[in-house]
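Biologist: I would like to go through this chain with you, from its overall make-up down to single residues. Please show it before we start.

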Amino acid sequence: MKAVIWTKYGSPDGLQLQEIEKPAPKDNEVLVKIHATTVTAGDCEMRTLKLPLFLGFPMRIYTGISKPTRIQIIGQEFAGEIEATGPAVKRFKAGDQVFGMTGLFKGTYAEYICLPDEPGDMDGALAIKPANMTYDEAAAVPLGGLEALHFLRQGDIQRGQTVLINGAGGSIGTIGVQLARYYGAEVTAVDSTGKLDMLRSLGAAHVVDYTQEDFTKRGQTYDVIFDVVNKSSYSGCMRSLTPNGRYLVGNPTLRKMIRGRWTSAMGSRKVVTGTSSPKAEDLIFLRELIEAGTIHTVIDRRYPLEEMVEAHRYVETGNKKGNVVITVA
Ligand SMILES: NC(=O)c1ccc[n+]([C@@H]2O[C@H](COP(=O)([O-])OP(=O)(O)OC[C@H]3O[C@@H](n4cnc5c(N)ncnc54)[C@H](OP(=O)(O)O)[C@@H]3O)[C@@H](O)[C@H]2O)c1
């Protein structure tokens, strides 16, 4: 099968299209023919290992000190069709159209992948694809959708509350805006100039251009601030929260995690950090919202698998609106 192999840390040129052996499912695994995957900011951070120190260092120890050896293929989300199943598989059968997310150690930049029928936390999550989405659209749901759901649930949003999402124009934020609307919030979306119209079209009542204005200096308060990119100032966000407000920090630094614990323990404001662990039941919940017309995916560009290097270069510009999809089959 064709796969894009991760041969070195650093520039996208280290991603090379190669012919490798097609995997065969174990007893409890399904073999998925991947139709579409994506290139996310997280994939670029993995490729370069530009991660917070507390993640980057152990990751390098695991993957290989000077070049990646233990992980051959990166890429985290996909949509495709089940081609074969191991004898112990119960939830799926050949021909099922699925979407999902892998764990850190299996990549989706390939024509096929094997995943456990009922993945554990480190193995990702798999579910039947939304019937009203193409493979391209469905492939762009799991990472952003699961991450946004994980954080916004902890925001405990009540109907009519105000929610600000910082970094709203990417994979996580575009679904985050729609989920916050679903929970009944009045949403303020923060991102760069070219993404604001798109954010309004997704349901944001207000938009802030971070290149022109710091939202923490507007004198407004919010019930929930979800900082997807962790680019907001901690003290500024504390000032911009209502007395019982919640600050949800995606991609947190160790320092912010420690400050967050202190704030949550000492006062009425709560700080939520950490990462999601993918679960099939959450994918199924997202699928129901998609089939009800509540959530749509935003696709900026599509590239064939052969143009993975160009796709990575584009995602690295930061100009991506929503998602960049790789069509595989
Ligand atoms: N498993 C994973 O891979 C995973 C899971 C969860 C979270 N994360 C991490 O979470 C972060 C966000 O993920 P994502 O996929 O949503 O990224 P993304 O698609 O790149 O979206 C991030 C958005 O934030 C905007 N932005 C950049 N700087 C900003 C600032 N100072 N203020 C406000 N907005 C700003 C970007 O727009 P401009 O570039 O136009 O400024 C972009 O629209 C990434 O660092 C990612 O690694 C990763």
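Biologist: How many helices and strands does the chain have?
Modeller: This is a predicted model. Counted along the chain, the secondary structure comes to 10 helices and 15 strands.

Biologist: What radius of gyration does the chain have, and how does that sit with a compact globule?
Modeller: The C-alpha trace spans about 60 × 45 × 35 Å along its principal axes. For 329 residues a compact globule would have a radius of gyration near 20 Å, so the chain agrees with that expectation, at 20 Å.

Biologist: What share of the contacts with a separation of 6 or more comes from residues 24 or more positions apart?
Modeller: Burial gives some background here: 47% of the 329 residues are buried. Among contacts with a separation of 6 or more, the share from residues 24 or more positions apart is 66%.

Biologist: Which domains are assigned, and how many residues does each give to their contact?
Modeller: The assignment gives domain 1 (2-141 + 297-327) and domain 2 (143-272). Their centres, taken over C-alpha atoms, are separated by 27 Å. The contact takes 15 residues from domain 1 and 12 residues from domain 2.

Biologist: How does the side of domain 1 that touches domain 2 divide by class?
Modeller: The side in question belongs to domain 1, which covers 2-141 + 297-327. By class, this side has 7 nonpolar, 5 polar and 3 charged residues.

Biologist: Where does the ligand lie with respect to the domains, and why?
Modeller: The shell around the ligand holds 27 residues, of which G42, G167, G169, G170 and G318 come nearest. Elements that give two or more residues to this shell are α1 (41-48), α4 (142-154), α5 (171-182) and β9 (186-191). By class the shell divides into 7 nonpolar, 14 polar and 6 charged residues. Because both domain 1 (2-141 + 297-327) and domain 2 (143-272) give residues to the shell, the ligand lies between them.

Biologist: Which residues have the most contacts inside the largest nonpolar core?
Modeller: In soluble globular proteins, nonpolar side chains tend to be buried together. The largest nonpolar core here has 88 residues, and those with the most contacts inside it are V163 and I165. Both domain 1 (2-141 + 297-327) and domain 2 (143-272) give residues to this core, so it lies between them. Leaving out residues up to four places away in sequence, I165 touches G173, G176, V177, A180, V187, A189, V190, F226 and V228. The residues asked for are V163 and I165.

Biologist: Is S11 buried, exposed or partly exposed?
Modeller: S11 is found in the loop between β1 (2-6) and β2 (15-19). Its C-alpha atom is separated by 34 Å from that of L164, 153 residues apart along the chain. With 13 other C-beta atoms within 10 Å, S11 is partly exposed.

Biologist: N230 and N251 have positive phi values; which burial class does each fall in?
Modeller: Most residues other than glycine have a negative phi. Phi is near 55° in N230 and about 55° in N251. N230 sits in the loop between β11 (222-227) and α7 (234-239), and N251 in the loop between β12 (241-249) and α8 (254-266). Since N230 has 16 C-beta neighbours inside 10 Å it counts as partly exposed, whereas N251, with 21 other C-beta atoms within 10 Å, is buried.

How values were computed
Residues numbered from 1 in each chain as written. Predicted model: local features only at pLDDT ≥ 70, side-chain atom pairs only at ≥ 80, totals over all residues. Near = placed C-beta within 6 Å. Helix = DSSP H or I, 4+ residues; strand = E, 2+ residues; numbered from the N terminus. Nonpolar A, V, L, I, M, F, W, Y, C, P; charged D, E, K, R; others polar. Domains from an automatic or database assignment. Core = buried A, V, L, I, M, F, W, Y, C linked by C-beta atoms within 7 Å. Buried ≥ 20, exposed ≤ 12 C-beta atoms within 10 Å, placed from the backbone. Contact = placed C-beta atoms within 7 Å. Rg over C-alpha atoms; globule rule 2.2 N^0.38 Å.
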